[in-house]
Amino acid sequence: MLKLNSLVKKGAAVLALAFLSQVTIAASGDSAMLESGDFVGYSFWLISMALAAATVFFLMESMRIGGKWATSLTVSALVTFIAAFHYFYMREVWVSTGTSPTDFRYIDWLLTVPLLMIEFYLILAAIANVSGGIFWRLLVGTLVMLVPGYMGEAGMLNTTVGFVIGMLGWAYILYEIFAGEASKVAASQAPAAVQKSYTLMKWTVSVGWAIYPIGYFLGYLAGGADAGTLNIVYNLADVLNKIAFGVFIWYAANEDTKASA
Ligand SMILES: *C/C=C(C)/C=C/C=C(C)/C=C/C1=C(C)CCCC1(C)C
């Protein structure tokens, strides 16, 4: 067991190093140059690097804290890892064309949003016996939210229809985490630190996530929005929705581990 443990740690360390070198290559590659005064471009750079740094942090903390919290922290690292890579490409699209990298955003969301949903299941599974139904319901909500949203933006579906169906998917997710099985387990069985982080995660999914449908609404249903402004707002929203979200989980893991030590 001990041997396996140290092997896993070595593997994770190698992975972290490989990731860092890839970040360096992607960041210094032959991409178009950032122009002075391009604040949207700056925001792409800032969030790319913040996501890369967060990935290393969550991986290291996953090894340090470990135990029943290891999986939650590793998933946090996967979210920021996947997003960091997408942001390298999104930055390039913006810097070289000045247009919104919508396709990259949706591919990123398709991977990272289900992982964020798994986190609700994982932090509860770390402290109680919970059914896998929580995860499956949240996954269905995610797909109903994202797929019609994409189809609306890509012109495969009427933009209003895509928006309305997407909103229903989001509403279903909110129902599950505010009033469904997940919320009941959190309220009745979770220790204080886990409850606190569950509450922060729940409000992130309500308030932080609202940015994206508002952007869609302004862009397609209310006569159009400035692409630069929209991208800055999305980029800042991802600091909360991907990095801070992971930090809330890290807080629960850290406090719970200290309490039981
Ligand atoms: C890290 C990325 C995250 C958390 C992305 C979240 C995306 C959404 C909450 C998107 C929501 C949408 C609707 C609720 C309605 C239809 C349009 C969408 C897809 C923008």
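How exposed is Lys68? Lys68 is partly exposed, with a relative accessible area of 47%. That value, like the rest here, comes from a predicted model. Let's use Lys68 as the way in to the salt bridges, then move on to the ligand.

**Salt bridges**

The structure has 8 salt bridges. Lys68 takes part in one of them, pairing with Asp256 at 3.2 Å, N to O. Lys68 sits in the loop between α2 and α3 (70-97) while Asp256 belongs to helix α9, so this pair ties together parts that are 188 residues apart in sequence. Unlike the partly exposed Lys68, Asp256 counts as buried, at 10% relative accessibility.

Glu61 and Arg64 make a more local pair: both are in helix α2 (residues 39-65), 3 residues apart, or about one turn of the helix. Their side chains meet at 2.6 Å, N to O. Here too the partners fall into separate classes, as Glu61 is buried at 11% relative accessibility and Arg64 is exposed at 52%.

Then there is Asp238 with Arg105, whose closest N and O atoms are 3.9 Å apart. Asp238 is in helix α9 and Arg105 in helix α4, so the bridge ties together parts that are 133 residues apart in sequence. Asp238 is buried, with a relative accessible area of 1%, and Arg105 is buried as well, at 4%. This pair doesn't stand alone: salt bridges with shared partners join Arg105, Asp108, Asp238 and Lys242 into one network.

Here are the three pairs side by side:

| Salt bridge | N to O distance |
|---|---|
| Glu61 and Arg64 | 2.6 Å |
| Lys68 and Asp256 | 3.2 Å |
| Asp238 and Arg105 | 3.9 Å |

**The ligand**

Lys242 turns up again at the ligand. It is one of the residues that come nearest, along with Trp109, Met145, Trp209 and Tyr212, out of 17 residues around the ligand. Taken alone, the ligand exposes 530 Å², and the protein buries 100% of that. The ligand sits in the largest cavity.

Which helices supply at least two residues each of the shell around the ligand? They are α4 (102-125), α5 (133-153), α6 (159-179), α8 (192-221) and α9 (227-259). Helix α4 gives the largest share of the shell, with 5 residues. So what about Arg105 and Asp238? Their bridge links α4 and α9, and both helices are on the list of shell suppliers.

As for chemistry, the shell divides into 12 nonpolar, 3 polar and 2 charged residues.

Note on methods:
Residues are numbered from 1 along each chain as its sequence is written. This is a predicted model: local features need pLDDT of at least 70, side-chain atom pairs count only at pLDDT 80 or more; totals for chains, interfaces and linings use all residues. Side-chain values use heavy atoms; hydrogens and water are left out. A residue is near a molecule or strand if one of its heavy atoms lies within 4 Å of it. Accessible areas come from the Shrake-Rupley method with a 1.4 Å probe; for residues, only the protein chains shown count as cover. On a 1 Å grid over the protein atoms alone, a cavity is a set of points where a 1.4 Å probe fits but cannot get out, and a pocket is an open set with protein on both sides within 12 Å along at least five of seven lines; lining residues have an atom within 4 Å of a point. A molecule sits in a cavity or pocket if more than half of its atoms lie within 2 Å of its grid points. Helices (H or I, at least four residues) and strands (E, at least two) are DSSP runs, numbered from the N terminus. Ala, Val, Leu, Ile, Met, Phe, Trp, Tyr, Cys and Pro count as nonpolar, Asp, Glu, Lys and Arg as charged, and the others, Gly among them, as polar. A salt bridge is a side-chain nitrogen of Lys or Arg within 4 Å of a carboxyl oxygen of Asp or Glu. Buried means under 20% relative accessible area, exposed over 50%, partly exposed in between (1.4 Å probe, protein chains only).
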